[in-house]
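Here is a short note for a colleague who is new to this structure. Please read the points with the model open.

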Amino acid sequence: MLRTHTCNELTAHNLGAAVTLSGWVQSRRDHGGLIFIDLRDRYGITQIVFRPEEYAEAFAVGDSVRSEYVIQVKGAVSKRPAEMINKHLPTGEIEVIVHEIKILNTAKTPPFEVESPAEAEQDVNEERRMTYRYIDLRRPRMKRNMTARHEAIRFIRNFLADRGFLEVETPLLTKSTPEGARDYLVPSRVHRGRFYALPQSPQQYKQLLMVGGLDRYFQIAKCLRDEDSRGDRQAEFSQLDLEMSFVERDDVLDLLEVLATSLVEYFKEKKFITKSILSKPFPRLSYDEAVLRYGIDKPDLRFGLEITDITELVRNCGFSVFADAVAKGGVVRALNAPGAGETLSRSHIDELTELAKTHHAKGLAYIKVKDGGELDSPIVKFLGDECARRIVQALSADTGKVKAGDIIFFGADHHLIVEESLAHVRLDLARRLGLIDPNVLAFSFTLDFPLFEPEYVNRHPVPMHHMFTMPRKEDLSLLDTDPLKVKSWQYDFVFNGNETAGGSIRIHVPELQQKIFELIGFSKEQQKDFIHMLEAFQYGAPPHGGFALGIDRFLMLLLDEPNIREVMAFPKTGDARDLTVGAPSTVEQQQLRDLGIRVIME
């Protein structure tokens with residue numbers, strides 16, 4: 001046997017036992033003729049000791065080993081001297097006196113330290129870490145994250161299996177369809193000139209599984225989208241994909257809420273996190289309510305700073321910026337920042353103004369509330385004192401009393417510009433004012449999304465989610481007259497201001513599905529890409545719905561990591577390269593000839 005125990009297993013209960021350990025040399029110390037080595041494996045660390053007077057041959061070999069050598073040792077478990085006990089290690093009361101040692105493999109000096117405190121880990125160049133990911137994975141942070149990922153997926157599998165879900169694998173080689181992001185294409189050698197596509201999601205297959213009567217399906221699915229990476233997005237990612245038959249929206253949301261709550265409690269029990277959920281049951285906001293109160297459909301609810309609509313209050317005010325915006329069909333909205341007047345300097349306000357401008361706003365008006373209720377701002381003289389005080393009263397009634405030291409910020413423009421700019425100002429203010437509690441997890445659902453985006457493209461509406469989302473029954477007549485007003489059964493799951501899951505109740509009637517295809521401008525030729533769906537729905541499709549939860553993003557937020565790459569074993573760079581193996585790479589010309597492909601470099 002290469003080992004009888006792991007390096008986290010031995011305690012005072014094992015004193016005197018003959019053991020065999022294998023692992024990596026974490027550190028080596030030479031103390032007065034004795035050699036001490038911290039031997040590390042995935043599970044932990046055990047101190048091993050070499051004594052020259054008793055085991056000279058083992059001592060000589062031990063003297064030659066260096067950091068990250070892979071070794072096997074045999075010896076006896078001994079109690080550490082009282083002054084050498086390490087209370088921070090499960091094995092801290094014991095050490096192993098080495099009788100025999102075998103070097104299983106030597107090691108070059110690593111490109112960065114494996115044994116380093118958490119703060120030092122941040123200093124290693126990320127590109128270097130990704131190039132030598134197999135070294136990076138030895139470090140405590142990545143070991144913790146990979147262990148947490150395993151535990152999360154195991155928990156999810158058990159949770160769903162206990163509730164009657166079947167885990168079903170769907171194909172990776174599938175069909176390219178016009179669904180949004182670019183597909184990764186795989187050429188067929190057998191069918192020259194034809195291509196498979198790697199799945200952006202198993203959406204169509206899981207709906208077909210519902211037609212197949214499997215009723216409750218899930219999968220830890222690999223998904224691939226040929227789009228630019230970001231801190232919370234990768235070209236290749238994993239999602240919990242789930243679908244249920246004979247359900248309504250709240251059945252799906254209730255399941256997702258219990259799953260998320262149970263997983264958080266499990267992570268606390270396992271000591272991966274110490275945070276608590278802010279509010280249970282999770283708030284359920286309509287899309288319209290979310291964008292009105294927070295400017296965005298994925299609001300961070302760890303803090304207040306709600307937005308108030310004051311359009312009617314300023315419709316005929318003397319401030320032309322507000323009045324003109326309303327006259328053009330726009331909106332005016334206000335955001336009160338408690339205590340900001342005592343915290344933010346003029347340069348800070350200028351930075352907030354520039355932030356609003358980067359999100360298409362023309363500027364960022366504001367009023368400072370002084371002692372005695374005095375209002376200080378260049379715009380007060382245009383608004384008039386009475387109108388300004390009505391605004392303060394409206395904000396006090398809506399979000400809590402406006403008091404001395406507060407600053408009220410305003411947005412005036414088309415509602416989409418105001419919502420986007422104030423949403424970013426709100427989040428930036430929360431960070432500057434220290435309003436975000438790092439010890440809480442704020443979950444919520446956003447419901448009742450519009451079925452389509454707010455503007456037509458090439459005279460056709462564009463689905464806000466995807467083309468398989470069921471419209472609300474009461475809005476079906478609007479599909480013919482005013483489709484942009486149609487609400488849908490789409491829902492998003494929001495975690496600390498990040499969308500981590502999305503889903504909907506699906507269309508299961510072929511005539512309605514075909515109508516949506518035609519409405520969004522799919523030609524007869526494009527509709528052929530989905531003929532299998534329309535055909536399947538004609539054989540008795542049950543009402544069904546589900547969601548997809550981004551496992552990588554969810555874990556990134558749960559473990560407080562700054563980006564998604566920290567919870568993935570072998571992530572891609574921002575330009576979709578795998579630095580560890582050097583992908584993508586060129587291939588032999590013969591491979592291209594076999595596939596009937598010629599590469600054109602432009």
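1. A polar contact is a pair of N or O atoms within 3.5 Å; within protein, one must be able to donate a hydrogen and the other to accept it, and residues adjacent in sequence count only if both atoms are side-chain atoms. One such contact, of 2.4 Å, joins the side chains of Arg-28 and Asp-63. Arg-28 sits in strand β1 (residues 18-31). Helices (H or I, at least four residues) and strands (E, at least two) are DSSP runs, numbered from the N terminus.

2. A word on the source. This is a predicted model, in which local features need pLDDT of at least 70, side-chain atom pairs count only at pLDDT 80 or more, and totals for chains, interfaces and linings use all residues. Residues are numbered from 1 along each chain as its sequence is written, and side-chain values use heavy atoms, with hydrogens and water left out.

3. Back to Arg-28. At 27% relative accessibility, Arg-28 counts as partly exposed. Buried means under 20% relative accessible area, exposed over 50%, and partly exposed in between (1.4 Å probe, protein chains only). Beyond its neighbours within four places in sequence, Arg-28 is in contact (heavy atoms within 4.5 Å) with residues including Ile-35, Ile-37, Gly-62 and Asp-63.

4. Helix α6 (residues 203-211) is largely enclosed by the rest of the structure, because seven of its nine residues are buried. Among them are Gln-203, Lys-206, Leu-209 and Met-210. The cover over these buried residues includes β9 (216-224), β10 (236-245), α18 (531-537) and β22 (544-550). Just after α6, Gly-213 takes a positive phi of about 85°.

5. Which residues of α13 are buried? They are Cys-387, Ala-388, Ile-391, Val-392 and Leu-395. These cover an arc of only 145° around the axis, which puts them on the same side of α13. The arc is that of the directions from the helix axis to the C-beta atoms. The face turned away from the buried side of α13 carries the exposed residues Glu-386, Gln-393 and Ala-397.

6. More on α13 (residues 385-399). Its 15 residues reach 21 Å from first C-alpha to last, close to the 21 Å expected at 1.5 Å a residue. The expected span is 1.5 Å times one less than the number of residues. What covers the buried residues of α13 includes β14 (331-337) and β17 (407-413). Gly-400 follows α13, with a positive phi near 110°.

7. Now the sheet. Five strands form an open sheet in the order β13-β14-β17-β15-β16, with antiparallel pairing. Its edge strands are β13 and β16, each pairing on one side only. Two strands pair if DSSP finds at least two bridges between them. Seven bridges join β14 to β17. Val-332 stands opposite Ala-412 in β17.

8. Finally, the cores. A nonpolar core is a set of buried Ala, Val, Leu, Ile, Met, Phe, Trp, Tyr and Cys residues joined through side-chain atoms within 4.5 Å. The largest has 70 residues; those touching the most other members include Leu-160, Phe-267, Phe-493 and Leu-549. Helix α7 (residues 249-269) gives the largest share of this core, ten residues. Another core, of 23 residues, lies apart from it and includes Val-326, Ala-334, Val-369 and Val-380.

9. Leu-549 and Asn-498 deserve a look. Outside its neighbours within four places in sequence, Leu-549 is in contact with Leu-240, Phe-493 and Thr-500, among others. Asn-498, in strand β21 (residues 498-505), has contacts beyond that same range that include Asp-232, Phe-493 and Leu-557. The side chain of Asn-498 also reaches the backbone oxygen of Asn-496 at 3.0 Å.
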